[in-house]
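Grab your viewer and work through these exercises one at a time. Each has a task, then a solution in steps.

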Amino acid sequence: MANRHHPSVFLVLITILLSIHYSEQLQSSHSQTLIRIQQLLNFPAALSKWNNNTDFCNTDSNSSLTVVCYEDTITQLHIIGERRDSPLPRNFSIDSFVTTLVRLPSLKVLTLVSLGIWGPLPGKIARLSSLEIVNVSSNFLYGSLPQELSSLSNLHTLILDNNMLADRLPDWLDSLPALTVLSLKNNLFNGSLPNSLGSMENLRTLSLSHNHFYGVVPDLSRLTNLQVLELDDNAFGPQFPQLGNKLVTLVLRNNRFRSGIPAELSSCYQLGRLDISSNSFVGPFQPGLLSLPSITYLNISGNKLTGMLFENLPCNSELDVVDLSSNLLTGSLPRCLVSNSSDRTFLYARNCLDTANQNQQPQPFCHTEALAVGILPERKKHKQVSKVVLSLGIVGGTLGGVALVLLIFFIVRRGNTRNKMKNPPARLISENAASGYTSKLFSDARNFLSLSLSHTHTHTCARSNYLDPFYAFLHPHAQ
């Protein structure tokens with residue numbers, strides 16, 4: 001029996017030995033890759049303990065360095081450095097660095113923060129086809145996003161904050177079906193946003209703050225999972241964005257919005273942070289925003305919002321910050337905001353509220369400013385347009401009437417000229433004298449005929465039937 005099972009045991013031992021040898025080779029290959037990464041990054045402090053004898057898959061993790069392995073392959077690499085203000089030396093090559101990175105084909109999570117990495121992001125990073133999370137923020141990347149990133153079908157988080165990336169946001173972002181977090185804050189992106197953003201239905205966080213974007217925000221109402229939208233410090237506008245109702249954070253500060261606040265915003269019951277300050281929003285402030293069940297931060301300062309506040313307005317007791325400064329609000333301070341004010345920040349300066357605190361404006365100031373930004377100027381514009389149209393109509397009608405009178409005069413005169421040619425004046429006078437009619441009577445009759453003709457509105461010399469007796473009476477021999 002022992003001899004019968006001996007070949008099977010031998011095969012198992014061989015397999016184990018080969019797998020150990022393969023694992024050692026694999027670990028050796030990955031070790032060499034990590035050591036090369038250490039060299040290319042100019043030996044940052046976070047990697048100071050790495051050497052050729054380091055067991056990378058069994059090292060202790062800390063806030064600056066984490067290496068995670070699965071079945072002896074590296075799946076996660078987190079390196080956070082301290083080079084926030086200075087890039088790596090001029091001999092650094094981002095192309096060589098990424099070429100080295102792709103030797104870790106099982107990488108799913110890649111974090112390279114504050115390491116001084118500079119240069120355009122190479123498209124070959126997409127060879128790490130298993131990538132799910134990429135965070136290369138606080139470096140010195142420039143140029144545009146490489147289109148090769150669109151092939152990363154598993155990518156659900158892309159964070160490239162605090163770089164120098166530029167150009168327009170590409171249309172192919174909707175080719176990343178799993179993307180839930182897109183954060184490109186503090187870069188140099190410009191242009192308008194692509195409409196394709198509105199079809200990324202899995203997106204939960206969209207952070208585009210501190211760039212040079214401008215224009216209308218595309219329709220994001222289909223992004224039913226969107227919870228965080230940060231568009232501050234750009235030039236978006238003029239209309240308030242179309243959004244879903246699951247927002248938790250909405251920041252539109254310092255843009256060029258100048259529309260009203262949609263009523264639907266008061267039904268965003270999960271909204272906890274709302275900042276629309278430093279724009280030109282007009283129309284009524286919605287007091288219901290103060291009592292949203294999740295609201296803790298509300299900043300509407302630096303707009304032209306109108307409306308009257310009342311002492312008995314309800315508000316959320318969890319509100320930590322409320323800034324209503326520099327608007328056109330009137331009325332009284334809500335008691336719910338004034339009470340327990342030591343536990344919250346409540347600012348309301350430069351309005352027209354019934355209080356002597358925080359530098360309030362006189363009531364006529366807010367009334368005048370409200371008229372300047374409200375609906376009355378629009379009515380004046382409509383009245384001005386109506387007056388112009390009416391004036392043009394009167395002038396046109398007058399000119400048309402003069403032209404018509406001149407035309408009728410020409411027709412009548414032409415008809416009289418022909419009649420004179422057919423009936424010589426001497427004969428007409430003699431016949432009329434024989435009939436006992438004075439010359440004044442004939443003159444009056446001719447005037448009557450001309451007046452009648454002018455009412456027929458004809459443009460030929462033909463006579464109307466009801467004028468034939470008069471014509472025959474004046475010219476009995478004109479047949």
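**Exercise 1: the core**

Which residues have the most contacts inside the largest nonpolar core, and how many residues does that core have?

Keep in mind that this is a predicted model.

Step 1. The largest nonpolar core counts 98 residues. Step 2. Inside it, the residues with the most contacts are Trp50, Leu77, Ile79, Phe97, Ile117, Leu250 and Phe285. Step 3. Now see who feeds it: at least two residues of this core come from each of helix H1 (2-40), strand E1 (65-70), E2, H2, strand E3 (109-115), E19 and helix H3 (335-338). Step 4. As background, nonpolar side chains tend to be buried together in soluble globular proteins. Step 5. Zoom in on Phe97: skipping its neighbours within four places in sequence, Phe97 is in contact with Ile37, Leu40, Leu41, Phe92, Leu112 and Ile117.

**Exercise 2: the rings**

Classify the pair Phe92 and Trp118, then say what parts the pair ties together.

Step 1. The total for the model is eight aromatic pairs. Step 2. For Phe92 and Trp118, the ring centres are 6.2 Å apart and the planes make 55 degrees. Step 3. Stacked needs planes under 30 degrees apart and edge-to-face needs over 60, so this pair is tilted. Step 4. Phe92 sits in the loop between strand E2 (73-83) and helix H2 (94-101), while Trp118 belongs to strand E4 (residues 118-120), so the pair links parts that are 26 residues apart in sequence. Step 5. Check the burial: Phe92, at 7% relative accessible area, is buried, whereas Trp118 is partly exposed at 25%. 

Now try Phe213 and Phe236: what kind of pair do they form?

Step 1. Their ring centres lie 6.0 Å apart with planes at 15 degrees, so the pair is stacked. Step 2. Phe213 is in strand E12 (residues 212-215) and Phe236 in strand E14 (residues 235-236), so this pair ties together parts 23 residues apart in sequence. Step 3. Both Phe213 and Phe236 are buried.

Two extras while you're looking at rings. Phe92, Phe97 and Trp118 make up one aromatic cluster. Arg273 lies over the face of Tyr297, 3.9 Å from the ring centre.

**Exercise 3: the six-stranded sheet**

Find the strand order of the open sheet of six strands, and say which strands stand at its edges.

Step 1. The order reads E4-E6-E8-E10-E12-E14, and the pairing is parallel. Step 2. E4 and E14 each have a single partner strand, so one side of each has no neighbour in the sheet. Step 3. Walk through some pairings. Strand E6 (residues 140-143) and strand E8 (residues 164-167) pair in the parallel sense over two bridges, and Tyr142 has Met164 in E8 as its bridge partner. Step 4. E8 in turn pairs with strand E10 (residues 188-191), again parallel and over two bridges. Here Ala166 is matched with Leu188 in E10, and Asp167 with Phe189. Step 5. Next, two bridges join E10 to E12, which run parallel; the bridge partner of Asn190 in E12 is His212.

Which side chains of E10 are buried, and which are not?

Step 1. Recall the rule that side chains in a regular strand alternate between the two faces of the sheet. Step 2. In E10, Phe189 and Gly191 point to one face and are buried. Step 3. Leu188 and Asn190 point to the other face and are not buried.

**Exercise 4: the four-stranded sheet and its helix**

Trace the order of the open sheet of four strands, then find the helix that packs on it.

Step 1. The strands run in the order E17-E19-E21-E23, with parallel pairing. Step 2. At the edges are strand E17 (282-284) and strand E23 (352-353), each with a single partner strand, so one side of each is left without a neighbour in the sheet. Step 3. Strand E19 (residues 304-309) pairs with strand E21 (residues 328-331) in the parallel sense over four bridges, and Thr306 has Leu328 in E21 as its bridge partner. Step 4. Helix H4 (residues 363-373) packs on the sheet and touches E17, E19, E21 and E23, its direction making about 135 degrees with that of E21. Step 5. Helix H4 contains Pro364, which is exposed at 56% relative accessible area. Step 6. From Pro364 to Cys352, 12 residues apart along the chain, the C-alpha separation is 8.6 Å.

Note on methods: Residues are numbered from 1 along each chain as its sequence is written. This is a predicted model: local features need pLDDT of at least 70, side-chain atom pairs count only at pLDDT 80 or more; totals for chains, interfaces and linings use all residues. Side-chain values use heavy atoms; hydrogens and water are left out. Two strands pair if DSSP finds at least two bridges between them. Rings of Phe, Tyr and Trp (its six-membered ring) pair if their centres lie within 6.5 Å; planes under 30 degrees apart count as stacked, over 60 as edge-to-face and the rest as tilted. Buried means under 20% relative accessible area, exposed over 50%, partly exposed in between (1.4 Å probe, protein chains only). A charge sits over a ring if NZ of Lys or CZ of Arg is within 6 Å of the ring centre and within 35 degrees of the ring normal. Contact means heavy atoms within 4.5 Å. Axes are lines fitted to C-alpha atoms, for helices over the stretch in contact, and angles run from 0 to 180 degrees between N-to-C directions. A nonpolar core is a set of buried Ala, Val, Leu, Ile, Met, Phe, Trp, Tyr and Cys residues joined through side-chain atoms within 4.5 Å.
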